[in-house]
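Reader: I am new to protein models and would like to start with one part. Please take me closely through the surroundings of the ligand, step by step.

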Amino acid sequence: MFRLDECLSRIHDASLPDLNDLEQVLSLNGKDELNELFLFADGIRKKFCGDGIVLRGIIEFSNFCLRECFYCGLNKNNRKLERYRMDKDELLKAVGHLVSCKIKTVVLQSGEDTGLDPFWLKDIIREIKSSFDIAVTLAVGERSEFDYKIWKEAGADRYLLKIETSDEGLYSSMHPQMDFKQRLNCLRVLNKIGYQVGSGNIIGLPGQTLKTIAQDIVFFKRNDFDMVGIGPFIPHQDTRFGGQKKADPLLSLKTIALTRIVTKNTHIPATTALGSLDKDYRVDGLKCGANVLMPNFTPQPFRKLYEIYPQKKCIDEPVGACNFCMDDMAKNLGRFIDYSKADSLKQRKVGSNV
Ligand code: SAH
């Protein structure tokens, strides 16, 4: 007979968890079993990350993209989308606003914008690091080792590059002209250069199975990422996957819970995508392993145009509205907002980015 408590202990204790165990847990749908899983994951979160909810303020500074990812509204074939690239003043003003809200990490995100001059971004990183005591995270996709290096030298601390799926065949089926091995190589280079590295996946992609999700979780463990972002797939009407089904929120929550149990002290956000389904599942995410929230500081009118998927959380809100909302969310959970930079909790990275 299947015993969930024994299975969770095995997953917890293994240096690399068994794929069948992970798949078994991902297939659970009973209320009591899910409760048991989520409670177990919440306990691991508490033990390894504490009760603080860490904040990462995100600024989406360009929606130009050369890629054709079948799921993403920014894909270059979406000619309906009005494109923008914020200028230096607009970007620094948004950073100033984030700092005035006591946030200590800025995530600078964009599509894979060929018009992004690496030296322009380098100057911006320098200016942010010399003006403010905050951590800088970049999420601008696959770039050359040279670019990654000059940004690191300018003071960037962290880099997010989601693998999206660790299954090479599935990856190739929805990323034309992209190379899975190249993406892996970028992750390797980022790690080598000394960034705190975040990766992650999308749950509910067409063609994805519980097995591929289990493999993703093993991939996160093998690579010992500092951060792992797990977001549900939300179809966008102007993409190849426009007619596909939205992700099951429960499957996303189960993946968050298992990733917490397996990776222990990795930072795991309750992603914006999780907040953008039929209800705000970020609260549920925070209750089953997540310890990070990512308030949006992209100013209007740009925020509305960074439409990776439709009905994105807070898309019409004025900048800064997030703070109150986050405080409330933490209080309701009996937790608190951690207003520190909150570097990686992985030992090997301590001191390397200070
Ligand atoms: N160019 C950057 C940022 C891309 S957008 C990069 O390559 O890292 C940030 C994330 O949005 C992507 O990594 C992807 O996981 C997510 N995303 C894109 N379209 C989505 C969709 N339809 N549903 C859910 N997540 C999506």
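**Around the ligand**

Author: Let's begin with a backbone contact: a polar backbone atom of Ile234 lies 2.8 Å from a nitrogen atom of the ligand. This is a polar contact, a pair of N or O atoms within 3.5 Å; within protein, one must be able to donate a hydrogen and the other to accept it, and residues adjacent in sequence count only if both atoms are side-chain atoms. Please keep in mind that the model is predicted: local features need pLDDT of at least 70, side-chain atom pairs count only at pLDDT 80 or more, and totals for chains, interfaces and linings use all residues. Residues are numbered from 1 along each chain as its sequence is written, and side-chain values use heavy atoms, leaving out hydrogens and water.

Now look at the side chains. In Glu164, a polar side-chain atom is 2.6 Å from an oxygen atom of the ligand. Arg183 also takes part, with a side-chain N or O atom 3.4 Å from a ligand oxygen atom. On its own, the ligand has 550 Å² of accessible area, and the protein covers 91% of that (Shrake-Rupley method, 1.4 Å probe; for residues, only the protein chains shown count as cover).

Which residues come nearest to the ligand? They are Tyr71, Ser110, Lys162, Glu164 and Ile234, out of 19 residues around the ligand. A residue belongs to this set if one of its heavy atoms lies within 4 Å.

Glu164 deserves a second look. This residue sits in the loop between β5 (158-160) and α7 (168-174); helices (H or I, at least four residues) and strands (E, at least two) are DSSP runs, numbered from the N terminus. Most residues other than glycine have a negative phi. Glu164 is not a glycine, yet has a positive phi, near 70°. So in Glu164 you can find both a polar side-chain atom 2.6 Å from a ligand oxygen atom and a positive phi.
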